Amino acid sequence: MKSQLAGLATIASLMAAPAFADTALVSVSGSSNPNLAGATAGTSCCGGDVAPAQSPLLVPIAFASGSNFTFAATGLTDGAGTGPTGPDGAYLFGMTDYGLGIAPANAVGVLGLVGIFLDNSTPNGGSQPAGLDFSGGLNFLTLSPGLGQMFWIGDGLTGTGSGLSQIFIAPAGATRLFLGTVDGFEWSNNSGAYDVTVNYAGLGGAVPEPATWAMMVAGFGLAGAAMRRRRTILA
């Protein structure tokens, strides 16, 4: 009976706190221009920025459509007349549309951390999506941006100091995730960086790692063996 309870307890604990399938620790420079996400080398934009020198960071994680992501960002960047600024950014700002196939975000914090999901193709201004509006701030728990839609991440938490991690869902066709910062032009003049932990939670929710699956199988085995033993005794 004790083995049965131990096995069931193991299963319950693992189901209550599933492990993320992958994690990437990256540094996002303040000069990372999100408008250059997926752009070919030599593409220029926004007052002299050029790919790949000012391109946003490509996160080294392979994922599928519908996968969930959470972020935890710290650090400071500087530029755009703000002084040292954290991942949530400074004053709210409507980003400029440069027509490169990346939809700008509205009402986001200057120098704040933003992301863009793309497929394997080069962004095309002729098929650019509509931009997202963050007039409501960072007070959301989940967000499902479309391909090429810039989305505000900030420090990865709802509001200010709430401690609730936001979940961002990869759109259909997405194969790449880029991280950059908010500005109006000349990202090349920005300094500093954000240290970002990117957690990839797998298709439709958290996916246990191989070691976690092994523990779950062991738990089921213990529970099954105990139940068979109990039936034998009762018989």
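P52 sits in the loop that connects β3 (49-50) with β4 (57-58). In this predicted model, the peptide bond leading from A51 into P52 is cis, its omega being near 5 degrees. The loop thus offers a starting point for a description that passes from local backbone features to the sheet, the core and the protein overall.

**Local backbone features**

Two further loop residues have backbone angles worth noting. A107 is not a glycine, yet its phi is positive, at about 60 degrees. A107 belongs to the loop between β6 (92-93) and β7 (108-109). E186, likewise not a glycine, has a positive phi of about 50 degrees, and its place is the loop between β12 and β13.

What relative accessibility does A107 have, and is A107 buried or exposed? The value is 11%, under the 20% limit that defines burial, so A107 counts as buried. E186, in turn, has a relative accessible area of 28% and is partly exposed.

The table collects the relative accessibility of five residues discussed in this report.

| Residue | Relative accessible area | Class |
|---|---|---|
| C45 | 7% | buried |
| C46 | 5% | buried |
| A107 | 11% | buried |
| T181 | 0% | buried |
| E186 | 28% | partly exposed |

**The disulfide**

The model contains one disulfide. C45 and C46 form this link, and their sulfur atoms are 1.9 Å apart. The torsion about the S-S bond is 55 degrees, and the link between C45 and C46 is right-handed. C45 is buried at 7% relative accessibility, and C46 is buried as well, at 5%.

**The four-strand sheet**

β4, which follows the loop holding P52, is part of an open sheet of four strands in the order β4-β12-β8-β10, with antiparallel pairing. Why is one side of β4 and of β10 left without a neighbour in the sheet? Each of these strands stands at an edge and has a single partner strand, so one side of each is unaccompanied there.

The pairings can be followed across the sheet. β4 and β12 run antiparallel and are joined by two bridges; L57 has L179 of β12 as its bridge partner. Between β8 and β12, also antiparallel, there are six bridges, and L118 stands opposite R176 of β12. β8 then pairs with β10 in the antiparallel sense over two bridges, where G115 has F151 of β10 as its bridge partner.

**Strand β12 and T181**

β12 is mostly covered, with six of its six residues buried. R176, F178 and G180 point one way from the strand, whereas L177, L179 and T181 point the other way, and all are buried.

T181 is found in this strand. T181 has a relative accessible area of 0%, which is under the 20% limit, so T181 is buried. A polar atom of the T181 side chain lies 2.9 Å from the backbone oxygen of G30. Leaving aside residues up to four places away in sequence, T181 touches S29, G30, S32, P34, L111, G112, V114, W187, N190 and Y194.

**The nonpolar core**

In soluble globular proteins, nonpolar side chains tend to be buried together. Here the largest nonpolar core has 46 residues, and those with the most contacts inside it are L177, L179, V196 and V198. The elements giving two or more residues to this core are β1 (22-29), β5 (67-78), β8 (113-118), β10 (151-152), β12 (176-181) and β13 (191-203). Among these, β8 gives the most, with five residues.

The core and the sheet share elements. β8, β10 and β12 are core contributors and also take part in the open four-strand sheet. L179 illustrates the overlap: this residue is among those with the most contacts inside the core, and L179 is also the bridge partner of L57.

**The protein as a whole**

The secondary structure comprises two helices and 13 strands. Of the 235 residues of the protein, 45% count as buried. The protein exposes about 10,700 Å², of which carbon and sulfur atoms supply 60%. Among contacts between residues at least 6 apart in sequence, 75% join residues at least 24 apart.

How values were computed: Residues are numbered from 1 along each chain as its sequence is written. This is a predicted model: local features need pLDDT of at least 70, side-chain atom pairs count only at pLDDT 80 or more; totals for chains, interfaces and linings use all residues. Side-chain values use heavy atoms; hydrogens and water are left out. A nonpolar core is a set of buried Ala, Val, Leu, Ile, Met, Phe, Trp, Tyr and Cys residues joined through side-chain atoms within 4.5 Å. Buried means under 20% relative accessible area, exposed over 50%, partly exposed in between (1.4 Å probe, protein chains only). A disulfide is a pair of cysteine sulfur atoms within 2.5 Å. Two strands pair if DSSP finds at least two bridges between them. A polar contact is a pair of N or O atoms within 3.5 Å; within protein, one must be able to donate a hydrogen and the other to accept it, and residues adjacent in sequence count only if both atoms are side-chain atoms. Contact means heavy atoms within 4.5 Å. Accessible areas come from the Shrake-Rupley method with a 1.4 Å probe; for residues, only the protein chains shown count as cover.
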